[in-house]
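Me: Could you walk me through this structure, question by question? I'd like the reasoning along with each result.

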Amino acid sequence: MTQLALVIDLNVCVGCHACVTSCKQWNTSGAAGPMSDDNPYGPEPTGTFFNRVQTFEVGEFPNTDTIHFPKSCLHCEDPPCVPVCPTGASYKRKEDGIVLVDYDKCIGCKYCSWACPYGAREIDEHQKVMKKCTLCVDRIYSPALPEAERIPACVMACPTNARLFGDIHDSESEVSVAIRERGGYALQPEWGTHPANHYLPRHKTKMHIHEDELVRVDNPLKKEGFPPHDPREPALDDIN
Amino acid sequence: MVDLANNAAVESGNIEVKNTTCYMCACRCGIRVTLRDGVVRYIQGNPDHPLNKGVLCAKGSSGIMKQYSPARLTKPLKRKPGSDRGANEFVEISWEEAFKTMEERLRAIRASDPKKFALFTGRDQMQALTGLFARQFGTPNYAAHGGFCSVNMAAGMIYTIGGSFWEFGGPDLDRAHLFVMLGTAEDHHSNPMKMAISKFKRDGGRFISINPIRTGYSAIADEWIPIKPGTDGALLLALINEIIQTGLYDRDFLVRYSNAAQLINVNAASDDFGMFVRTSEVPPPGVIHPQDQLWWDRHTNTPVQTHSEGADPYLLGDFRLDDGTPVKPAFQLLAERVTDNTPEWAEQITGIPAATIRRLAHEMGVIARDETIELPIAWTDAWGKEHAAVTGNPVAFHAMRGLAAHSNGFQTIRALGILMSLLGTIDRPGGFRHKAPFPRPIPPCPKTPNGPQDVRPNEPLHGMPLGWPADPNDLFVDADGEPLRIDKGFSWEYPLSVHGLMHNVITNAWRGDPYPIDTLLIFMANMAWNSTMNTVAVRDMLNDKNPNGEYKIPFLIVCDAFQSEMVSFADLVLPDTSYLERHDVMSMLDRPISEFDGPVDSVRIPVVPPMGQCKPFQEVLVELGGRLNLPAFTHKDGTRKFKNYPDFVINYETEPGSGIGFLAGWRGKNGDQFMKGEPNPKQWEMYEKNNCVFHYELPKSYQYMRNWNAGYLEWARHHRLTRYVDPINIHIYSEVLQKFRLAAQGKYPGKKPPQRLRQRVEKYFDPLPFYYEPLESQLTDTALYPLNAVTQRPMAMYHSWDSQNAWLRQIHAHNYLFVNPKTARAQDIADGGWLWVESMHGKVRCMCRYSEAVEPGTVWTWNAIGKQSGAWNLEPGSNEANKGFLLNHVISEELPPHADGAHISNSDPVTGQAGWYDVRVRIYKAGADEEKVTSPQFNTLKPVPGQSGRKSWLAFFAGGKK
Amino acid sequence: MNPALSVVFLTTLIGAGQGLFVAMYVAQAGGAMGALPVQDGVRFYALGSALSLLLLGGGLLASFFHLGHPERAWRAVAMWRTSWLSREVIALPAFMAAVFVYGALHYLGWNDNLFGAASPGGGWTYVAGGVGVLLCITLFVCTGMIYACIKFIEEWHTPFTLINFTLLGVASGFVLATGFSAFAAPALVKFFGAWAITLTLVALIFRAASLLRNKRIRHMSNLQTAIGVKHTKIQQKAQGAMGGSFNTREFFHGKSALFLRSVKWIFLVLTFVAPVPLLWLALSSGAAALFVLAHLVQFIGLIAERWFFFAQAKHPQNLYYQTIS
């Protein structure tokens with residue numbers, strides 16, 4: 001069984017929001033769109049987005065880490081949002097594990113959003129149905145797109161390649177390898193939702209200099225060590 | 001059922017896919033635009049583009065909202081008779097009326113005194129054309145935004161290593177092992193830097209960020225070293241000191257490829273004090289940098305010509321020539337210079353512990369020495385020596401405005417260039433790599449006019465509007481040594497102001513100092529808002545009148561695509577197109593998008609027709625050039641030479657028959673030549689077929705060591721990138737600067753600074769880098785204003801451009817002042833509370849956000865989020881106006897009157913780089929009874945004719961049926 | 001959570017309607033067993049059922065205001081196997097139907113004893129009422145479980161949610177029944193009044209217990225688990241949107257802690273404390289207006305209680321929406 005997912009590498013995410021707006025522009029004119037925006041040119045502009053990048057500061061100056069944290073639907077393997085839906089509008093696809101909303105069935109009761117601990121769902125204030133990341137399901141199988149582009153828009157745009165996409169049930173997939181080898185973890189594991197999306201932690205490369213490395217045979221100062229001499233200058237050698 | 005996987009319905013409609021180049025920032029990524037029924041549906045990175053290889057940032061991905069923004073100007077406008085500038089009251093006019101108005105006015109100016117027309121442009125990408133237009137018009141008063149952006153970076157590096165960061169070079173992160181980034185705004189450089197850092201980190205590289213603030217790229221650094229703003233110079237000198245002390249420098253590299261071993265006359269009494277001793281009096285013809293300096297050879301213990309076969313010069317020592325002249329190698333002088341610049345000394349200035357500085361130096365040095373890269377690429381150096389391999393020391397640096405935007409930035413950046421050179425990392429794998437057309441001679445060849453005689457009625461300018469002074473006699477000053485440009489560029493106040501000083505244009509023009517002008521044409525620069533210092537006063541100047549009722553700046557033309565704050569001050573408004581609606585070139589004559597491996601240029605080709613009556617600014621210039629009969633735009637018989645801008649791009653040659661034009665690719669009648677060749681009528685089509693980009697990959701043996709690579713230098717000369725093949729030796733010691741210093745001491749033959757500036761020039765034109773406190777700090781009571789205040793660039797916004805973008809403004813709707821909690825609590829300022837930030841020039845009320853990611857002596861905010869109410873067609877009461885603010889109000893364009901003059905620019909004394917980050921401030925809590933809006937506030941602007949209405953909500957769905 | 005008035009009214013109104021029905025059925029059962037005086041079918045049961053239906057219908061109507069697409073509400077019955085909300089959507093109309101039938105049988109006087117005269121309580125109305133009580137319980141369970149089943153909203157994920165929804169509904173129904181009986185069945189006033197006071201006080205005990213429990217919750221999720229970074233000092237600086245989002249509107253009430261505390265004391269007083277002396281006074285004075293007042297006071301208290309129930313719940317998604325900049 002396939003479970004498609006994103007693996008987000010916090011080690012390289014610089015918080016540029018490329019995933020946020022590339023998602024918006026693809027999806028607002030795609031199968032999941034439109035994605036409305038209120039007060040687009042007025043006070044407190046607010047719209048529907050499937051993906052947001054947040055910023056957290058960890059620690060105290062000067063030992064501070066700034067973490068940029070993209071967040072979208074995690075396509076849980078045991079999604080709490082699905083069984084609570086009274087109409088069956090929220091569902092998890094058997095073939096690839098993507099959690100989707102059928103807009104025609106959605107009554108806009110928002111209960112699924114209550115049942116998501118991650119805040120991944122957003123109601124469209126004008127279409128009045130619940131929306132969320134579709135993993136660009138209208139891209140990833142689209143015969144209209146070149147094969148290399150059959151990936152979510154956010155993954156394609158991400159300048160730091162911080163978003164990996166693939167099947168986490170395939171042990172040899174890029175995402176499984178990344179999770180396995182680079183400490184991939186799930187958010188709020190305490191609720192047993194088994195998010196398909198994983199995050200890769202920060203990893204810090206350090207350097208250790210052994211003091212021997214500073215005492216060098218190739219020290220160029222050795223070449224400068226003996227200033228030029230004038231052979232005419234007196235020396236002990238002249239005396240004895 | 002709505003099956004979201006079923007894309008057939010949404011991909012209905014007429015789908016077209018077109019390639020062009022992004023312009024949501026200055027990065028110039030290749031984009032692929034999908035249209036559905038003629039509406040922009042999707043903008044993706046072009047996977048076949050060498051710059052971004054398919055990725056695209058938040059801005060680029062929001063181009064749709066820019067294209068269809070209600071802030072767009074769509075009609076030519078003139079100020080409503082009787083209304084004030086700044087009131088934003090306009091009446092619609094025809095393009096013909098606009099052209100006629102400009103033609104009449106400019107023709108008269110050109111016939112009398114061309115310098116009364118000034119053309120200044122923002123972050124445009126067409127300086128090849130705008131510069132040409134100014135030059136053809138005959139005015140020296142032209143520059144782009146470089147002077148207030150990062151000219152220190154350009155000048156400091158180019159005057160040291162013959163190349164610079166970003167467009168002209170950068171860190172080779174593919175091969176580097178250690179990457180040190182100092183003070184870098186995230187837009188310099190954008191996507192390629194993100195791609196490179198990510199790959200670098202994944203490959204196990206170590207990334208150190210030195211920055212007062214940990215945002216953006218610094219966030220993912222392996223180590224963050226907070227530093228006090230404006231003190232990087234002290235850090236770099238201490239690093240140089242430690243690297244020399246420990247012998248971790250690359251001696252062989254310095255000897256052969258820099259002037260480190262060259263002997264300098266140290267006889268203080270001599271007129272040639274501080275100059276290299278040379279074997280020839282006059283350089284031989286065809287040579288710009290004669291190789292006639294001396295080394296002191298260790299083997300023979302005699303002075304020998306540099307690069308003599310078998311010679312091995314001393315880098316340190318103290319020698320005496322046969323004629324008794326005392327001489328020292330440049331490196332000796334550098335070592336002496338940094339003797340006192342110990343890590344302990346630097347700790348006091350930078351706030352970085354001395355042990356950290358030492359460790360940093362050791363990391364750099366040990367990696368550079370012990371992790372050497374050797375590539376089996378044979379090459380020949382400029383002295384004829386054959387090398388079996390290209391070697392490199394894998395320590396790379398990147399720096400930008402954090403170093404540049406200080407009045408000590410030039411010398412700081414010189415220090416950086418020297419540190420990079422000491423480590424032996426210039427144009428070598430894993431270090432710094434050039435991008436064509438760089439490296440260029442130090443300094444590059446173009447020169448400005450150098451006296452009043454070069455500006456003549458009805459004639460093109462004699463000289464380039466912007467150039468690279470090599471000695472005092474290249475300055476553009478009158479007989480008294482006083483400035484001739486409106487921004488006082490290339491004068492003794494800012495001799496190496498190679499990008500001009502746009503930040504002083506309005507103030508100088510208003511004051512009539514050095515002279516009044518008639519017409520100021522501003523292209524896409526928001527000089528009444530975020531792109532100016534001292535915003536409130538500058539807005540008053542724009543609206544100020546003489547006693548006779550005429551404006552002090554009589555005529556103001558603004559060309560912009562959007563209703564910026566600057567537009568409201570215009571007498572004449574020209575609606576520019578969006579980037580998706582026009583032809584553009586990223587020209588080798590301006591700032592191309594070259595890669596490390598060879599020259600690259602690119603184009604924009606319209607993907608949608610212009611909105612309303614929008615007209616590309618290039619078309620305006622080509623049309624005006626024809627109407628004004630400027631020689632380059634007109635046939636001998638006076639008829640117009642170019643049908644339009646695309647026609648101009650194809651057919652224009654720098655000189656008749658030169659074969660050099662705006663585009664380097666597919667030249668020659670059949671498109672089979674590049675760099676140089678006859679105009680090709682099918683050039684646009686060929687670019688279009690090739691992803692809008694031309695990329696020539698140099699042979700491997702020409703890709704490295706290009707300053708000294710005989711093969712490359714020959715290639716570059718053959719393809720007319722350069723005029724000379726002389727090796728471009730690194731200026732560890734800058735003889736160029738010494739010439740200006742000698743002039744200030746009354747020694748160098750020719751032009752001398754006016755008396756009041758002699759001390760200034762003498763001090764700051766130090767041939768070796770040194771640290772001094774930024775000028776503004778020197779003139780500030782720092783006990784009263786203890787904090788530094790700087791801005792950062794949010795990655796999802798480019799300057800002021802994106803507040804009208806419905807998607808991007810949701811990410812950054814307003815801004816806070818970020819303050820270390822310790823600093824804020826000391827003033828009893830709450831997280832989220834209101835505070836005042838005040839400098840000696842002004843004050844701003846804003847909201848505070850605590851941050852542990854800023855050093856306690858610094859406060860900062862995002863740049864250019866704050867907007868004037870109603871500007872950019874935002875509703876009054878929008879976050880940008882009520883909660884957003886500009887730091888510009890506390891920054892002055894001029895220093896307080898002091899010994900150097902009453903109106904000295906708040907800039908680097910060498911380059912005229914705006915000292916944005918020098919301001920000192922204090923913060924205090926706003927009163928509980930104060931209004932909860934940012935201060936200052938301005939009048940609310942109404943929309944102008946031709947703007948589309950603002951929708952109260954959007955549900956954008958491009959074309960098609962849903 | 002940001003309390004939605006539609007849901008506040010839905011749960012409080014149907015709770016009272018359910019409680020009223022239970023009160024009537026208890027009275028009828030008491031009558032059948034001879035413990036209580038038998039009441040008039042039309043005046044008491046039919047009218048009472050109508051009143052109950054009015055409350056249930058009001059709740060149902062309120063619930064439609066919660067929906068983005070009320071016209072599709074019928075679809076909500078689909079997922080009864082997994083969704084408590086779906087079950088509620090079935091249980092509420094089913095219960096309403098039972099109440100209607102119950103009231104109609106009383107109104108029409110169709111109360112033939114199915115099991116013969118020897119078995120009191122064997123009439124049609126008893127059977128319909130019994131079914132109604134089962135559906136009423138089902139509805140209480142469904143309503144409560146909608147909230148209690150969300151395990152990460154820890155303020156709700158407790159048996160107290162179910163108990164309180166039930167007790168508060170029944171108590172408010174009995175208070176209402178007391179007032180109603182003052183008009184329709186004066187003989188039951190004391191019975192209802194006594195039970196109203198008792199149930200209100202029992203509800204107070206459980207509600208207070210749940211308040212104590214919720215006060216002591218140490219939430220399982222925190223910023224460390226939310227973003228997966230092991231550090232005791234993590235602070236959000238930006239949430240990716242500055243003008244608000246669905247996440248800030250739906251899950252935050254935006255009121256101060258003081259406001260919340262005030263609401264708590266107000267609902268404790270209005271729901272549990274004030275009705276008791278009012279009922280006592282009414283019982284002793286027989287002033288019908290006081291019964292109505294007691295009910296109104298308690299119902300206002302219940303609205304505050306339900307508002308507080310939502311507002312107090314801390315959704316773990318809120319961890320991601322703390323700060324803007």
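Me: Happy to have it in view. Is B:M524 buried or exposed?
Reply: Keep in mind that this is a predicted model. The relative accessible area of B:M524 is 12%. The cut-off for buried is under 20%, so B:M524 counts as buried.

Me: Where in chain B is B:M524 found?
Reply: Two elements frame this residue: strand 23 (519-523) and helix 16 (535-542) of chain B. B:M524 is found in the loop between strand 23 and helix 16.

Me: Which residues does B:M524 touch, not counting residues up to four places away in sequence?
Reply: Touching here means heavy atoms within 4.5 Å. With residues up to four places away in sequence not counted, the list for B:M524 is B:Y23, B:G122, B:R123, B:D124, B:C559, B:D560 and B:W801.

Me: What separates the C-alpha atoms of B:M524 and B:Y217?
Reply: Along the chain, B:M524 and B:Y217 are 307 residues apart. In space, their C-alpha atoms are separated by 28 Å.

Me: Let's turn to the interior. Which helix of chain B gives the most to the largest nonpolar core?
Reply: In soluble globular proteins, nonpolar side chains tend to be buried together. Here the largest nonpolar core has 379 residues, and B:M364, B:F397 and B:F648 have the most contacts inside it. With nine residues, the helix that gives the most to this core is helix 8 (residues 232-245) of chain B.

Me: Which residues is B:F648 in contact with, leaving aside its neighbours within four places in sequence?
Reply: B:F648 is among the residues with the most contacts inside the largest core. Once its neighbours within four places in sequence are left aside, B:F648 is in contact with B:L129, B:L132, B:V622, B:F633, B:F642 and B:F662.

Me: How many residues does the second, separate core have?
Reply: C:V170, C:A171, C:L302 and C:F308 are included in this second core. The core is separate, and its count is 71 residues.

Me: Is C:V42 buried or partly exposed?
Reply: C:V42 lies in helix 2 (residues 41-64) of chain C. Together with C:Y107, C:L108 and C:W110, C:V42 forms a nonpolar patch on the surface, with about 450 Å² of accessible area together. Because its relative accessibility is 37%, C:V42 counts as partly exposed.

Me: Now for the interfaces. How many salt bridges does the rule find across the interface of chain B and chain A?
Reply: Here 102 residues of chain B are in contact with 88 residues of chain A. About 7,700 Å² is buried between the two chains, 55% of it on carbon and sulfur atoms. B:D312 and A:K223 meet through their side chains in a salt bridge (3.5 Å, N to O). Across this interface, the rule finds seven salt bridges.

Me: Which residues of chain B does A:T205 touch?
Reply: A:T205 is in the loop between strand 11 (198-200) and helix 7 (221-224) of chain A. Its relative accessible area is 15%, so A:T205 is buried. Not counting residues up to four places away in sequence, A:T205 touches B:G204, B:G205, B:R206 and B:D222.

Me: Which residue of chain A forms a salt bridge with C:R249?
Reply: Chain C and chain A bury about 4,600 Å² between them, with 60 residues from chain C and 54 residues from chain A in the contact. The count of salt bridges between these chains is two. With the closest N and O atoms 3.0 Å apart, C:R249 forms a salt bridge with A:E125.

Conventions
Residues numbered from 1 in each chain as written. Chains lettered and ligands numbered in written order. Predicted model: local features only at pLDDT ≥ 70, side-chain atom pairs only at ≥ 80, totals over all residues. Heavy atoms only, no water. Core = buried A, V, L, I, M, F, W, Y, C linked by side-chain atoms within 4.5 Å. Buried < 20%, exposed > 50% of the residue type's maximum accessible area, 1.4 Å probe, protein only. Helix = DSSP H or I, 4+ residues; strand = E, 2+ residues; numbered from the N terminus. Patch = residues over 30% accessible without salt bridge, like charges linked within 9 Å, V, L, I, M, F, W, Y side chains within 5 Å. Areas by Shrake-Rupley, 256 points an atom, 1.4 Å probe, with all protein chains shown as cover. Salt bridge = Lys/Arg side-chain N within 4 Å of Asp/Glu carboxyl O. Buried area = accessible area lost by both parts, 1.4 Å probe.
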